[in-house]
Amino acid sequence: MSEIIGTVQGHRDGHGFVQADDGDTSVFLPPQEMRSVMHRDRVKVRVVRFDRRGRPEGLVLEIIERRKTPIIGRLLQEGGAWLVAPEDRRFGQDILIAPKATGNAEPGQVVAVELTEPPSLLAKPVGRVVEVLGGIDDPGMEIEIAVRKYEVPHRFSDAALAQAAKLPEKVRATDKKGRIDITDVPLVTIDGEDARDFDDAVYCEPATIGRSKAPNAWRLVVAIADVSHYVKPGEPLDLDAYERATSVYFPRRVIPMLPEKLSNGLCSLNPEVERLSMVCDMLVSCDGEVHAYQFFPAVIRSHARLTYTEVATILGNTRGPEALRRPDLVPHLLHLHEVYRALLKSRSGRGAVDFDTTETQIVCDENGRIAKIVPRVRTEAHRLIEECMLAANVCSADFITRAKHPSLFRVHEGPTPEKRQLLKNYLKALGLGLSLGEEPQPGDYQAIAQAVKDRPDATQIHTMLLRSMQQAIYTPTNSGHFGLAYEAYTHFTSPIRRYPDLLVHRVIKALLGRGRYDLKLPPVQHSVGNVKRRPGGQRGAPAKGLPAAPSKAVSRLKLPPAEAAAWETVGIHCSANERRADEASRDVEAWLKCMFMRERLGEEYGGTVSAVTNFGLFVQLDGLYVEGLIHITELGGEYYRFDEARQELRGERSGARYAVGTRVRVQVSRVDLDTRKIDFRLVREAGEEKPTSGAGKRRARVPDKDWVEPGGAQDALADVRQADHEVRRASKAARTGKGRTRVSVAATVTGKGGSAKRSKSKR
């Protein structure tokens, strides 16, 4: 049997897996093997057997490296012993704390623990408290837990802070050397109301292509903050930025990739101050195609800080009060809107995927708790900026590709064969008459989205389309962007908050100077342990079985092995840290939603089934945008079978169907803050119809005797027996009566779910 070295990935149920360093092999560890190791330990295992499905099961041979990062949990006192229950359930076992090692923490408080004795087959791990974070209900505690639970670097090094402090407060004359001065161009920033860092500014004016005397195109200027001027490779600021790889956004708090002096000051394109930038100057045709472009370093001055709401209002009414406040900017905003419409036309022609999904925003009160959850409204201004940024990103990818220089591309590949087949079965089960080929293109997805947009279950179908696609990653191997239908795509427009954008800026600067950017990997203190390489064999190889890129893929560059490995490692690191940031943000949002719903236990709400699994239904509540689970045992006293093709649960006795889009009424029955889970129970009201698929047709009305609530079966049975007794008695009286009298007996069957009438007649 083979021996494998990898990282332990614990599971909340007690077992675990060893993820091999090559990212292609995962070995199962049973609970008894997990007793001597912990989540994130590096180990050597031997594969000792395979289960019925051919999955390898391992035996731990050697613990190569113990996890050194402190573990976050709640300090408890049970039976006179002190212990810490880890917040991350993947650790699987509590940590014993010596009475003198509690660090003055009180029971119930959240603490950080450092292990002093590792676990073994016969003993639990032992540790000591190194930091007391506070009470579980303290404002902002959920964020403090999340940044430590997911090991998000949240403190800048002293060296990075010292370097930032030495930076100037404004642009100096020496910084302007070799740059084009375009401070007279009325660039504007357009961001959300709560934005603090402004890394992009835009401007548009009519232009001509060819010999036409009348304007037949637009000149679109996208200026991006030049972070690379201040953050140099190998310096302390660069080391901290690489380790973080991205800014992490929580409700009411941001953990930035760069210190505030840069992110909100020197690199932020604040209005009416000079700033250094990298400019993408494009000539866009009336069909939305980029006819020509150029990159150059510049000095700019933003002429206004606008919000999406302001711009949308001005575009909606050019003579309204908002427009009258900024009359000099209105013509430029109208030009931006015109180039946006042209770019939108090009997007439609490419067949890029564009789904209507609802994004939500958590609004917190002054104590950090949820006050309300509101949907984010995407206006024309949001889409305008999005199209401008996409155009600049595509130009940067094209510029780097033509120069045959290595860089990080933003790659999004089409659905895997398994997901593609699942989606095909789902569409077939709906009877839409729409299907996907063996190698679907983005236009196929968009065609389906357009065909169903007027259906009542359009949102659910769009969700299934989204779930069938893969996640986008950063990689030096360019195989196109499936969702946007681009042959080559990269990230250039957000170097303040994304490290890949900073690398792209450095590459473009090197190419403008007719040089080459030599990537040197900075050391990393906090690496993400659950990194998986792309599917497929070799590093950077296209995934097996995936469809081709939207158009011909760019040929792979031949690089020295060390350089190729460095770019591949950077891509893996940045992709993994992006996933980590998303997981930490979702964890905080889930915690806040649990706190929000804990005050609403027992209340009833209407909702829509958002996902169906073999163990139950996930339901999103109307108006609250909170999701919870109805376990399959709460659906009634019968067996439900999961239909994967239709994505629905069907009752074998009653035929009741629960599918994505089904409308239900639920009661909040349980909130578990530790697991971040909310449980619902199904509520049925009198006269309510049987649940059916949200895809369209309802079944015929069925008497409510099939709708008995769990727990009300005995009462309903007694009612049925009493009704039958009355029917028999009435029938007997009719037979003994004179003549042929018609008898109509209506028996009412009443349960907790309501009442239904059953009639019986005899001539």
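Here are five worked exercises on a predicted model.

**Exercise 1. The barrel**

Work out which strands make up the closed barrel, in what order they run, and what lies across them.

*Solution.*
- Start with the order: the 5 strands of the closed barrel go E6-E7-E8-E10-E9, and the pairing is mixed. On average, neighbouring strands of this sheet are turned by 55° against each other, ignoring direction.
- Now zoom in on one pair. Strand E6 (residues 71-78) and strand E7 (residues 81-86) are antiparallel and joined by 6 bridges. To pin down the register, take arginine 74, whose bridge partner in E7 is alanine 85.
- Finally, add the helix. H2 (residues 141-149) lies across E6, strand E9 (110-117) and strand E10 (126-134). Its direction is at about 140° to E10.

**Exercise 2. Walking along paired strands**

Trace the pairing from strand E13 through to strand E11, giving the sense of each pair.

*Solution.*
- Strand E13 (residues 200-207) pairs with E14 in the antiparallel sense, over 8 bridges. Here alanine 201 has alanine 223 of E14 as its bridge partner.
- Strand E14 (residues 217-225) then pairs with E17, again antiparallel, over 9 bridges. You can fix this register with alanine 217, whose partner in E17 is serine 285. E14 is also mostly covered, as 8 of its 9 residues are buried.
- Next, strand E17 (residues 274-285) runs antiparallel to E18, with 11 bridges joining them. These two form a hairpin with 4 residues in between, and glycine 288 in the turn has a positive phi of about 85°.
- The last step switches sense: strand E11 (residues 180-181) pairs with strand E18 (residues 290-301) in parallel fashion, over 2 bridges.
- As a check, look at alanine 298 in E18. Serine 277 stands opposite this alanine, and isoleucine 180 stands opposite alanine 298 as well.

**Exercise 3. Two helices crossing**

Describe how H4 and H14 pack, using geometry and then residues.

*Solution.*
- Which quantities do you need? Two packed helices are described by the angle between their axes and by the distance between those axes.
- For helix H4 (residues 236-244) and H14, the axes come within 8 Å and cross at roughly 65°.
- On the H4 side, the contact uses Tyr242, Glu243 and Arg244. H14 brings in Thr569, Val570, His573, Asn577 and Arg580.
- Sorted by class, the contact between H4 and H14 has 2 nonpolar, 3 polar and 3 charged residues.

**Exercise 4. Placing serine 585**

Decide whether serine 585 is buried or exposed, and find what it touches.

*Solution.*
- Locate the residue: serine 585 sits in helix H14 (residues 561-598).
- Apply the cut-off: the relative accessible area of serine 585 is 13%, so this residue is buried, because buried means under 20%.
- List the neighbours: leaving out residues up to four places away in sequence, serine 585 touches Val248, Tyr249 and Phe250.

**Exercise 5. Cysteines without a bond**

Explain why cysteine 395 is not bonded to cysteine 280, and say how covered cysteine 395 is.

*Solution.*
- Begin with the count: the structure holds 0 disulfides.
- Check the distance next. The closest cysteine sulfur to that of cysteine 395 belongs to cysteine 280, and it is 4.2 Å away, so the gap is too far for a bond. The cut-off for a disulfide is within 2.5 Å.
- Then check accessibility: cysteine 395 is at 3% relative accessibility and therefore counts as buried. Cysteine 267 is buried too, with a relative accessible area of 2%.

Technical notes:
Residues are numbered from 1 along each chain as its sequence is written. This is a predicted model: local features need pLDDT of at least 70, side-chain atom pairs count only at pLDDT 80 or more; totals for chains, interfaces and linings use all residues. Side-chain values use heavy atoms; hydrogens and water are left out. Two strands pair if DSSP finds at least two bridges between them. Axes are lines fitted to C-alpha atoms, for helices over the stretch in contact, and angles run from 0 to 180 degrees between N-to-C directions. Contact means heavy atoms within 4.5 Å. Buried means under 20% relative accessible area, exposed over 50%, partly exposed in between (1.4 Å probe, protein chains only). Ala, Val, Leu, Ile, Met, Phe, Trp, Tyr, Cys and Pro count as nonpolar, Asp, Glu, Lys and Arg as charged, and the others, Gly among them, as polar.
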